[in-house]
Amino acid sequence: MRAAPGHPAVEWRISDPQVAYADALAQMEARADAIAAGQDGELVWLLEHPPLYTAGTSAQDTDLRAPQLPVHRTGRGGQFTYHGPGQRVAYVMLDLKKRRPDVRAYVCALEDWIIATLACFNIRGERRSDRVGVWVQRPDKARGPGGEMAEDKIAAVGIRIRRWVTFHGISLNVEPELEHFSGIVPCGITARHLGVTSLVDLGIPVTMAEVDSIMRAQFRTIF
């Protein structure tokens with residue numbers, strides 16, 4: 001995923017106030033178009049949203065259990081997910097033509113980025129071939145009906161690529177209100193031994209600024 005030699009450095013932006021989803025989407029799409037046109041550079045934008053659900057291109061209406069929050073239909077891949085305070089959203093706008101025009105490799109790089117970030121907190125994040133995102137094992141929770149290890153999702157991945165420029169990205173649960181995930185079937189996962197967690201839920205008291213610093217450092221090693 002590394003850029004060609006001499007490629008300008010990626011710009012980083014951190015928004016401290018919560019950003020309305022529609023506003024973020026408009027800014028993100030405008031920036032992606034500018035990157036594709038050669039009028040602007042790559043950007044990683046770190047932010048938080050007010051509480052809401054987003055529905056990706058594969059979302060099923062039956063997976064919206066209790067629409068207690070606003071629902072936004074979006075062009076990213078994936079199904080329903082939750083965004084809200086305490087969750088670090090990273091919108092990643094990269095020009096894959098100048099890196100590696102390979103969608104699968106890009107998704108793997110995003111997952112590697114999350115896994116490397118979690119490792120800095122001594123958390124073992126793992127990918128699953130049949131489930132998108134990054135997962136952690138939970139031996140302290142009840143196993144599945146076939147004896148499967150309980151696992152919780154700690155980070156989601158949902159992307160869109162247009163003219164080989166990426167947008168949307170990842171969301172890492174730092175300290176969100178986990179109860180809000182109960183209003184949806186997160187990413188279509190219904191098995192009882194599969195849930196959702198966060199850094200704080202795993203006993204890692206960490207600030208968003210600390211997470212941002214580590215994410216930025218680990219990004220450089222992968223991208």
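Trainee: What makes β6 and β10 a strand pair?

Mentor: Five bridges join β6 to β10, and the two run antiparallel. Two strands pair if DSSP finds at least two bridges between them, so β6 and β10 meet the criterion. Within this pairing, Q87 has N173 of β10 as its bridge partner. β6 is also joined to β2 by five bridges, again antiparallel, and L43 stands opposite M93 of β6. Strand and helix names follow DSSP runs (strands: E, at least two residues; helices: H or I, at least four), numbered from the N terminus.

Trainee: On what kind of model do these statements rest?

Mentor: The model is predicted; local features need pLDDT of at least 70 and side-chain atom pairs count only at pLDDT 80 or more, while totals for chains, interfaces and linings use all residues. Residues are numbered from 1 along each chain as its sequence is written, and side-chain values use heavy atoms, with hydrogens and water left out.

Trainee: Why is β6 described as largely enclosed by the rest of the structure?

Mentor: Seven of its seven residues are buried, which is why that description applies. Buried means under 20% relative accessible area, exposed means over 50%, and partly exposed lies in between (1.4 Å probe, protein chains only). Both faces are covered: Q87, V89, Y91 and M93 are buried on one side, and R88, A90 and V92 on the other.

Trainee: How do you know that T166 is buried, and what does its side chain reach?

Mentor: T166, which lies in strand β10, has 0% relative accessibility and therefore counts as buried. Its side chain reaches the backbone oxygen of V92 at 2.8 Å and the backbone nitrogen of L94 at 2.9 Å. A polar contact is a pair of N or O atoms within 3.5 Å; within protein, one must be able to donate a hydrogen and the other to accept it, and residues adjacent in sequence count only if both atoms are side-chain atoms. The distances of 2.8 Å and 2.9 Å are within that limit.

Trainee: How do you know that the length of helix α2 agrees with its number of residues?

Mentor: The expected span is 1.5 Å times one less than the number of residues. For the 17 residues of α2 (residues 103–119) this gives 24 Å, and the end C-alpha atoms are 24 Å apart, which agrees. At the N-terminal end D102 acts as a cap, with a side-chain oxygen 3.1 Å from the backbone nitrogen of R104.

Trainee: What makes a set of residues a nonpolar core, and which element gives the most to the largest one?

Mentor: Such a core is a set of buried Ala, Val, Leu, Ile, Met, Phe, Trp, Tyr and Cys residues joined through side-chain atoms within 4.5 Å. The largest has 38 residues, and those with the most contacts inside it are Y106, L110, W113, L199, F219 and F223. The element that gives the most is α2, with eight residues. Setting aside neighbours within four places in sequence, the contacts of W113 (heavy atoms within 4.5 Å) include V44, A90, I170 and F219. A second, separate core of 17 residues includes W45, L52, V89 and Y91. In soluble globular proteins, nonpolar side chains tend to be buried together.

Trainee: Why is the pair D152 and R138 called a salt bridge?

Mentor: The term requires a side-chain nitrogen of Lys or Arg within 4 Å of a carboxyl oxygen of Asp or Glu. The closest N and O atoms of D152 and R138 are 2.8 Å apart, so the pair satisfies it. D152 lies in strand β9 (residues 151–162) and R138 in the loop between β8 (131–137) and β9, so the bridge ties together parts that are 14 residues apart in sequence. R138 also forms a salt bridge with D140, at 3.0 Å. D152 is buried at 2% relative accessibility and R138 is buried at 8%, whereas D140 is exposed at 55%. The structure holds 19 salt bridges.

Trainee: What makes the phi of N122 noteworthy, and is N122 buried or exposed?

Mentor: Phi of N122 is near 60°, a positive value in a residue other than glycine. Most residues other than glycine have a negative phi. N122 is found in the loop between α2 and β7 (126–128), and at 75% relative accessibility it counts as exposed. W164, in the loop between β9 and β10, also has a positive phi, near 65°; at 34% relative accessibility, W164 counts as partly exposed.
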